[in-house]
Every structure is written in C-alpha cells, then in structure tokens.
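Q: Please give a close account of the sheet in this predicted model. Please also describe the pockets that its strands help to line.

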Amino acid sequence: MIECVRYSPVNKSTCLGVATIFVPKWGIEISGISLHQKNGKRWVNLPTRIVEEGDEKKYYPYIRFPQREHKDEFCKQIKKAIDAHAVSIANEKEENDELFN
C-alpha cells in the first residue's frame, strides 16, 4: 500500500498540488509527484529532470516503468493515497474545530 506523507496545494493551470509518497514494501519515499486535473480527468506526473535545449524544454523521467500497465497501476495507487491523505487531513481539522468551538 502506498502512503501519501505530504501534500502541498498548488492550484496553477492543471496542477492541483505536489505530493511525497512512501512505498513501505520498497522502503522508499518519492517526492515531487504532481497531481493534475483537466476536464474532469485526474492524473499524476512522476518526478522528471528538465533540460533546456535552446528554446525547447525536454523532460526526462527519474522513474521509468518498461510496462505501461505497471505505471498506470502505480499512478492509480498514488491518486488513492493522495485522496486518503486529504480525507485524513479534513478529519483532523474537523476534530480540532470541535475541540475549540
């Protein structure tokens, strides 16, 4: 199971925010995952290295999945983890509001 350990809202163009996830099975934390939305469709972009060549920008992924279905499943799990993190934060806020109201 993938966990979202940090999420920062961005709300610029299609980018909703940037997340850091933790994959316990691998013991790895991955930062710089961006969550996007356009026309009701949501997707995540994994971290990339940007290289400027003249007026052109090229994007090179730090993480690559040779099989597309593996990447799709990994990104699906990331979106679920971000959603679960958002619910957890909202619940904490509600509990804190109840304590002080």
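**The sheet and its pockets**

A: In this predicted model, E3 has F22 in β2 as its bridge partner. That pair belongs to the contact between strand β1 (residues 3–12) and strand β2 (residues 15–23), which run antiparallel and are joined by 7 bridges. The two strands form a hairpin with 2 residues between them. In the turn, S13 has a positive phi of about 55 degrees.

The hairpin is part of an open sheet of 4 strands, ordered β1-β2-β3-β4 and paired in the antiparallel sense. At the edges are β1 and β4 (41–45), each of which pairs on one side only. On average, neighbouring strands of this sheet are turned by 25 degrees against each other, with direction ignored. Strand β3 (residues 28–38) pairs antiparallel with β4 over 5 bridges. Within β4, V44 is the bridge partner of L35.

V44 also appears in the lining of the largest pocket, which has a volume of about 210 Å³. The lining consists of R42, W43, V44, N45, L46, R68, K71, D72, C75 and K79. Two elements, β4 and α1 (68–100), each supply at least two of these residues. The element that gives the most is α1, with 5 residues. Sorted by class, the lining of the largest pocket holds 5 charged, 4 nonpolar and 1 polar residues. Among the residues that line this pocket are R42, R68, K71, D72 and K79, which count as charged under the classes used here.

The second largest pocket has a volume of about 160 Å³. E3, the bridge partner of F22, is one of the residues that line this second pocket. The full lining is M1, I2, E3, C4, Q77, K80, A81, A84, H85 and S88. Here the elements that give two or more residues are β1 and α1. The largest share, 6 residues, comes from α1. By class, this lining divides into 5 nonpolar, 3 polar and 2 charged residues.

Taken together, the edge strands β1 and β4 can be followed from the sheet to the pockets. Strand β4 contributes at least two residues to the lining of the largest pocket, and β1 gives two or more to that of the second largest. Helix α1 takes part in both: α1 supplies 5 residues to the largest pocket and 6 residues to the second largest.

Note on methods. Residues numbered from 1 in each chain as written. Predicted model: local features only at pLDDT ≥ 70, side-chain atom pairs only at ≥ 80, totals over all residues. Heavy atoms only, no water. Pairing = 2+ DSSP bridges. Axes fitted to C-alpha atoms, helices over the stretch in contact; angles between N-to-C directions. 1 Å grid on protein atoms, 1.4 Å probe; cavity = no way out; pocket = protein on both sides within 12 Å on 5 of 7 lines; lining within 4 Å. Points joined across faces, edges and corners; volume = space filled by probe spheres on them.
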